[in-house]
Amino acid sequence: MTQTCDVGAKMLGQIPVTAWAVVLVTWHVGAYSQDANPKNAWTVDSQSQWEQTCDSKLNLEFVEGMASPTATDASYQSVLKQFSEKRSADSIVINQSPVWQNWEPIDDLGPGCVFDSPVFLSLGPDNYWFFARHNVSVERKAWDEANGPFVAESVRLDGFDFEVETTPLKNQFRAAGGKKRSLGGYHAWQSRDMVNWVHHGPITDRFTAWMTTAEFKDGKAYFYYDFPNDQDPHLYIDDDLFDGVPGKKMGLAFDDPSHGSDCAFIRDEQGRFHVIYEDWSPIHANSHSFDSPLAGHAVSEDGTGDFVIKKPAVDVRTNPTGVIKTYTHPHWVKEDPERFQTDIGEYEVHEPEQDCFGDWAAIGIGGQYYLFGDFDPASGESMSVAWFTSPSLDQQFTFCGNIGEGHPDPDVCFAEGRFYLATQMETDYVSNGPWVESVDVRVGVDTDNDAEVDHWSDWQTVKETYDYTPGLVKHVAKKAAAMDLSGLPAGYGFQFEVRITDTTANESKPILEKVQLSFKW
């Protein structure tokens, strides 16, 4: 995994897998205020605030407003600050860097008989949907014909209120919709546990085989597909994923003026549909895996049309030269001759050579947004999965890192309390979330105004937790890493100690972005 994140602590270096750090923090209560509520909260979340509160430190560096351990042991200590009047602490909240480096490789996700770009929808607890094209030959090869012809058996699976049939694949089963004839497009599989998958049959036809992404609203799935390939998101809306019949074909949803789609759709907190798409205007797309250094962004109220183009979501272009050249796409005229009279597209040459990204997927976690996609580096190294992050869909996303090898066309979802990153490669990935283990905290109080802590809380491990967001299937709710301080006595000063332990087997490490102390007045 490449750890070259442009968010917060950039290129923070490597530490041993078993590295741990101890951070002693004594905050100047009253020195810093939180903009949202300056009367009862103090926050350290900037470079200057970390530095100004520091009395001494060891093996800890401040980079881009974050505190990152640089060795097995690290420490931070600030000067003690007293109040003139007693105050009562309410809570301490700790935020980590949003770079999300702790991904672990796993075997192929899904039913095991699929191909082309995977698409996920997590519709809530125990209700996970996987969409891809159906590879029937894999099922056939899974059965040893020496045992005679395969005979399906009716069984009951936990969580399903209808009978399903076995298939030659151990963890794949077939419902009534899955017995219907394939139409050459995408199919649907449902799981209650991310292990066993029930096939519910076709959801699109062969003209909609270039499916890129899906959303969900008011009981209906919104399936977006390119037509022709790499062009202009079109839409199916399906209110029954069980019947093996495609829903209503809505036609063209977004007439992309830039060429290149392979897009991600995600609704925001207000329910609007955002599309992130490849913009090929600055790149010879045909020689760069049909990816681009530029990702366009458009918004629609209902996701069916009337998209308004916004500022780019990703923009890592190099220097424009003013030179216009052309490239050829093999699908435009072949698949949609009525709309395309040529396979020739134009682009402006940029120098030096550019990194390219595409085949986007999106997810939001507690208001922080992430984009996952292909990474085709200018260096000529193998393709991989890359991801970007932003605190808002209306702000440009910044590069976080990449993992794996191959052409991924990824999608991402939250299921069974974890995050899954599916690709069209043999290796997929899983993560417990952006939070990196582990962080322990305790709080001390100076109750008698002698500039010394005379009462400490017990040590407590804090961590973020995640949950589903009803009505917004691509948003994951986040509960902050917090410690309740209401049981502490009132005091004239407060001191914090934070212990950090890197427990991961990957290159991620706990990096503190922000610490906030709240008081009851």
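Trainee: Before we get to T389, what counts as a strand here?
Mentor: Strands are DSSP runs of E, at least two residues, numbered from the N terminus. Keep in mind that this is a predicted model.

Trainee: Okay, so which strand is T389 found in?
Mentor: T389 is part of strand β29, which covers residues 384–390.

Trainee: And is T389 buried or exposed?
Mentor: T389 counts as buried, because its relative accessibility is 2% and the cut-off for buried is under 20%.

Trainee: What does the side chain of T389 reach, then?
Mentor: The backbone oxygen of Y369, at 2.8 Å. There is also a polar contact of 2.8 Å between the side chains of T389 and Q368.

Trainee: Switching to the nonpolar side. How many residues are in the largest nonpolar core?
Mentor: That core holds 83 residues, and W103, F131 and F372 have the most contacts inside it. Strand β10 (residues 128–134) gives the largest share, five residues.

Trainee: Is there a general idea behind cores like that?
Mentor: Yes: in soluble globular proteins, nonpolar side chains tend to be buried together.

Trainee: Which residues is F372 in contact with, leaving aside its neighbours within four places in sequence?
Mentor: Quite a list: W100, W103, D359, W360, A361, I363, V385, A386, W387, P410, V412 and L421. There is a second, separate core as well, with 17 residues, among them A264, A362, Y369 and F375.

Trainee: Y369 again! Remind me where that came up?
Mentor: The backbone oxygen of Y369 is what the T389 side chain reaches.

Trainee: Let's move to pockets. What volume does the largest pocket have?
Mentor: About 330 Å³. Its lining has 23 residues, and the closest to the centre are S117, N229, D262, D359 and D409. You have already met D359 as one of the contacts of F372.

Trainee: Which strands supply at least two residues of that largest pocket's lining?
Mentor: β9 (114–122), β16 (211–217) and β27 (356–365) do, and β9 provides the largest share, three residues.

Trainee: How do the residues of that lining divide into nonpolar, polar and charged?
Mentor: Nine are nonpolar, seven polar and seven charged.

Trainee: And how much space lies in the second largest pocket?
Mentor: About 290 Å³. Its lining is made up of 18 residues, with N102, N432, G433, W435 and E437 nearest the centre. By class, the lining of this second largest pocket has four nonpolar, nine polar and five charged residues.

Trainee: Which strands each supply at least two residues there?
Mentor: For the second largest pocket, β33 (427–431) and β37 (465–468) each do so.

Methods
Residues numbered from 1 in each chain as written. Predicted model: local features only at pLDDT ≥ 70, side-chain atom pairs only at ≥ 80, totals over all residues. Heavy atoms only, no water. Core = buried A, V, L, I, M, F, W, Y, C linked by side-chain atoms within 4.5 Å. Buried < 20%, exposed > 50% of the residue type's maximum accessible area, 1.4 Å probe, protein only. Helix = DSSP H or I, 4+ residues; strand = E, 2+ residues; numbered from the N terminus. Contact = heavy atoms within 4.5 Å. 1 Å grid on protein atoms, 1.4 Å probe; cavity = no way out; pocket = protein on both sides within 12 Å on 5 of 7 lines; lining within 4 Å. Points joined across faces, edges and corners; volume = space filled by probe spheres on them. Nonpolar A, V, L, I, M, F, W, Y, C, P; charged D, E, K, R; others polar. Polar contact = N/O pair within 3.5 Å; in protein donor to acceptor, adjacent residues only side chain to side chain.
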